[in-house]
Amino acid sequence: MTVAVLREGLGAALALCAWRLPRRVAAARTTKISALLLDAFPVALGAVLLLALSARPLFSGLLLFALAAGLALADHVKREVLREPVVFSDMSELPQIFTHPQLYLPFAGPRLVIGGAVTAGAGLLALLSLEPPLREPGGWPAILSLLLAGAGWALSRPKALAAAARLLRRLEPSGEPFADAARLGPWASLLVYGILARAERAERRARHRPAPAAPRRATPELPLILVQCESFFDARRLSPRLPRDLLPGFDALCAAGTSGRLDVPAWGANTIRAEFAALTGIAEEELGYDRFNPYHAFARAPVNSLAWRLREAGYRTICLHPFDRGFFRRDRVLPGLGFEVFLGRESIGGRRSPPYLPDPDLARRLLETLDEAGERSFIFAITMGNHGPWGKASGPAEIAALPQGGELAGYLAGLRRSDEMLRILRDGLDRRRFRGVFGFYGDHLPSLPQTFRHLRFAESASDYVLWRREAAVPRRLDIGAQRLPELLFETLEQADAYRLSA
């Protein structure tokens, strides 16, 4: 056996492992030949392209395996931490691993990720310099690259895209990512979801374009404030071991307003799912495969929303977020959701990494914004203060003894700061004799999977409250996040009717 044949064999074996490794994480048991071929297609295409460009089979196989190992690790971690496998729209978050590593690497283990990347990089550089090419460079790699680019462009055309979607629907994807990754294979499910999402997107968008609001008896003129609080929920639901006086600010608002569970479309992360639902009133099922990340592509075009509705009524629409304005493409998306002004950390403060901007500080900045904006304004604030991962903190012995007890103590400390934010806001609104509506909700539950499993806590709903100074009668109402915009508008109309009758 010649050295060249041995190298080709080892390169092919690495490519096969690159296909098999993510399938092992997904527990794939593909039975349809068509699904099996589709699942193998991205790896085979990558192998051919890398070999054509480098003419080095070992280098090509190792690079392909390194990329597949990265996908497999991300899939494994996401299943554990977020109760969901990797989906096609997660690819848009890849640059954020490098721009905001503190939000991703701690969940996977920084030593494992950095060590693996350094080892793979060193091995690839060594092979690139030491492994001789099998042939002299020619023109056909460039031709192959052009053909692939042309095929990608053709597939983006509406007719070709619709035809590809029809073929892929024959595989009968269920839309449930765990089941589809196991039945079709992880590579195939990424392709199927991505192509079907793109094929259906234009029609789904057309149903939710901004349009003139339906006539009302009267147009509200009072301010509306809505705060989306990072990882907030009433943690006392976890266990009777947690102190009953954990959230006095939240309890005071609930005692004089509408409150309840908020069924949010994510667990542990993916803030933008709850954010999109709470601003637009669009349910998950109406988004199809774009539901995994509406900001990935769906919301790049203007979408009807509460902000547009109020803007048409003459309101100023302002968003505050003490973080990178480009994170999750909010700098592009929020104007399309109707916000005239979007203030990020460069305007209101905040840091790249923990402790970010503490929630009490954001409360004070929000009150200043209200003073500047005036009565007829809609202010939407996105907090960052209690974002995970949470460093280990000291706490009572009964909490410290729990799995992830230190992280839970750190989370609860952040929760208390969020509650302090509520007390600051209510006191500030009282002093201003605020006549409008204040809304507050949690975007998702915190990612503390070991604690939740130990306490047998399987719920996924967060909590919300709508408050106005004149309404002293509490009301309990459990809703889905998509119902929040209409409920906010109804409460705003009630506040306005009270103002007119007073």
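**Cysteines and aromatic pairs**

C229 counts as buried, at 0% relative accessibility (buried: under 20% relative accessible area; exposed: over 50%; partly exposed: in between; 1.4 Å probe, protein chains only). The model is predicted, so local features need pLDDT of at least 70 and side-chain atom pairs pLDDT 80 or more, whereas totals for chains, interfaces and linings use all residues. Residues are numbered from 1 along each chain as its sequence is written, and side-chain values use heavy atoms, without hydrogens and water.

**Exercise 1.** Determine why C229 forms no bond with C254.

*Solution.* Step 1: a disulfide requires two cysteine sulfur atoms within 2.5 Å. Step 2: the cysteine sulfur closest to that of C229 belongs to C254 and lies 13 Å away, which is too far for a bond. Step 3: the search of the whole structure likewise finds zero disulfides.

**Exercise 2.** Classify the ring pair of Y193 and F292, and locate both residues.

*Solution.* Step 1: rings of Phe, Tyr and Trp (six-membered ring) pair with centres within 6.5 Å; planes under 30 degrees apart are stacked, over 60 edge-to-face, and the rest tilted. Step 2: 18 aromatic pairs result from this rule. Step 3: for Y193 and F292 the centres are 5.8 Å apart and the planes differ by 15°, a stacked pair. Step 4: Y193 belongs to helix α10 (residues 186-206) and F292 to the loop between α12 (271-280) and α13 (306-312), so the pair ties together parts 99 residues apart in sequence (helices are DSSP runs of H or I, at least four residues, numbered from the N terminus). Step 5: Y193 is buried at 3%, and F292 is buried at 4%.

Conventions: Helices (H or I, at least four residues) and strands (E, at least two) are DSSP runs, numbered from the N terminus.
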